[in-house]
Amino acid sequence: MTTLQITPLHPSLGAEIAGVDLSKPIDGSTRKALSDALGEHLALVFRNQSLTPAQYLAAASVFGPPMEQHYSQHHMPGFPLIGMIWHRNGQEPAERWHTDHTNRERPPAATILYGVEIPSAGGGTSVASMRAAYNALPDAERRRLDGLTTFNTLDHDKTDTRQEDRDKYDKPIEHPMVRTHPVHGSRAVYFHITKATHISGMTPEASKAYMGELIDRMIRPEITYHHAWRKGDVLVIDDRATMHRAHGDYDRSESRILWRIIVEGDRPRFA
Ligand SMILES: [Fe+2]
């Protein structure tokens, strides 16, 4: 059995994992330990990895079955389960706080990013613990959120979404705003401000205002891990209990390429 070393990176979330080569097959007990570590720490960092697309897909499956991403124009040629994050592909960094693919009935358990080309400065990824955010809310607001749901579609402000993706992934999907983690058992605030058209019982305008105000109020440095990329890093983000954002503060004449895999999770539930 592999000996994992788990070193926390921030008081609230994030841990560096040493002792695993993700290019090699991973045994059952290590898979269980990594899945538990993700539920506990919510963001896992593996340094100095060297992966082919096929090895990367095999490693990602530790956290769930890789699932199709809905911006198919950015799929890696020959490997449609890997998305290419690259501004030279016409993608702007996702700088607003969000969790991924909430327009799916079973949204991803995790988003996995592999740093292939990294700019010399900036271009980091921040991850916030929405478990800690939930725990810090006043009782009355927690109770209010416990009873609310959102209705989610594809982002409608993107102009390059393919019709075939719209046909598959643009139907409204309802999710609780507070989600119980299937591995860890804790609760976290769960929504996507641009994919949620509205909150149950609220107008779209009031819903957006409330979600924006929640993000501003809840996401503080005390609950945020900032990942400064090094080439060869693999960052695993638990989408069930965090929000993340990219930082576009890098020189666009430099390249920043991340390979993204999302892995299927459970249907969100509040318990
Ligand atoms: Fe994202």
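Okay, let's start with His-101, which counts as buried because its relative accessibility is 2%. You'll find His-101 in the loop between strand 6 and strand 7. Its backbone is worth a look too: phi of His-101 is near 55°, a positive value in a residue other than glycine. Before I go on, keep in mind that this is a predicted model.

There's another residue to put beside that one. Asn-48 has a positive phi of about 55°, and Asn-48 is not a glycine either. Asn-48 sits in the loop between strand 3 and helix 2, residues 53-60. So is Asn-48 buried or exposed? Asn-48 counts as exposed, because its relative accessibility is 66%.

Let's go back to the loop we started in, because Asp-100 is in that loop between strand 6 (79-86) and strand 7 (108-117) too. What does Asp-100 pair with? Asp-100 makes a salt bridge with Arg-260, and the closest N and O atoms are 3.5 Å apart. Arg-260 is in strand 17, so this pair ties together parts that are 160 residues apart in sequence. Asp-100 counts as buried, at 4% relative accessibility. Arg-260 counts as buried as well, at 15%.

Okay, more on salt bridges. How many does a search of the whole structure find? It finds 16. One of them joins Arg-187 and Asp-146, whose side chains meet at 3.8 Å, N to O. Arg-187 is in strand 12 and Asp-146 is in helix 4, so here the pair ties together parts that are 41 residues apart in sequence. Arg-187 is partly exposed, with a relative accessible area of 30%, while Asp-146 counts as buried at 19%. There's also a small network: Glu-16, Arg-47 and Asp-233 are joined by salt bridges that share partners.

Now a local one. Lys-32 forms a salt bridge with Asp-36, with the closest N and O atoms 2.6 Å apart. Both residues are in helix 1, residues 28-41, and they are four residues apart, so about one helical turn separates them. Asp-36 counts as partly exposed, at 33% relative accessibility.

Next, a charged residue without a partner of that kind. Arg-256 is in the loop between strand 16 (242-246) and strand 17 (257-264). Arg-256 is buried, yet it has no salt bridge. Which side chain of opposite charge is nearest? That's Asp-249, and it is 7.2 Å away. What Arg-256 does have is a polar atom of its side chain lying 2.9 Å from the backbone oxygen of Gly-123. Leaving out residues up to four places away in sequence, Arg-256 touches quite a list, including Trp-86, His-87, Glu-117, Gly-123, Trp-229 and Tyr-250.

Let's turn to helix 4, residues 139-146, where we already met Asp-146. Which residues of helix 4 are buried? They are Glu-141, Leu-145 and Asp-146. These cover an arc of only 145° around the axis, so they are on the same side of the helix. On the other side of helix 4, Ala-140 and Arg-143 are exposed. And what covers the buried residues? The cover includes helix 3, strand 11 (178-180), strand 12 and helix 6.

That takes us to the core. The largest nonpolar core has 37 residues, and the members that touch the most others are Met-130, Leu-145, Phe-191 and Met-218. Several elements give two or more residues to this core, among them strand 3 (43-46), strand 8 (125-129), helix 3 (130-136), strand 12 (187-189) and strand 15 (234-238). Which element gives the largest share? Helix 6 does, with five residues.

Take Met-218 if you want one residue to click on. Ignoring neighbours within four places in sequence, Met-218 is in contact with Met-130, Ala-133, Leu-137, Val-189, Phe-191 and Ile-223. And there is a second, separate core of 32 residues, which includes Leu-4, Leu-38, Ala-59 and Ala-109.

Quick recap before we stop. We began with His-101, buried at 2% relative accessibility, and next to it in sequence Asp-100 pairs with Arg-260 in a salt bridge. Arg-256 is buried and has no salt bridge. And the two cores I showed you have 37 residues and 32 residues. That's it from me, thanks.

How values were computed: Residues are numbered from 1 along each chain as its sequence is written. This is a predicted model: local features need pLDDT of at least 70, side-chain atom pairs count only at pLDDT 80 or more; totals for chains, interfaces and linings use all residues. Side-chain values use heavy atoms; hydrogens and water are left out. A nonpolar core is a set of buried Ala, Val, Leu, Ile, Met, Phe, Trp, Tyr and Cys residues joined through side-chain atoms within 4.5 Å. Buried means under 20% relative accessible area, exposed over 50%, partly exposed in between (1.4 Å probe, protein chains only). Contact means heavy atoms within 4.5 Å. Lys and Arg count as positive and Asp and Glu as negative; His and the chain ends are not counted. A salt bridge is a side-chain nitrogen of Lys or Arg within 4 Å of a carboxyl oxygen of Asp or Glu. A polar contact is a pair of N or O atoms within 3.5 Å; within protein, one must be able to donate a hydrogen and the other to accept it, and residues adjacent in sequence count only if both atoms are side-chain atoms. The arc is that of the directions from the helix axis to the C-beta atoms.
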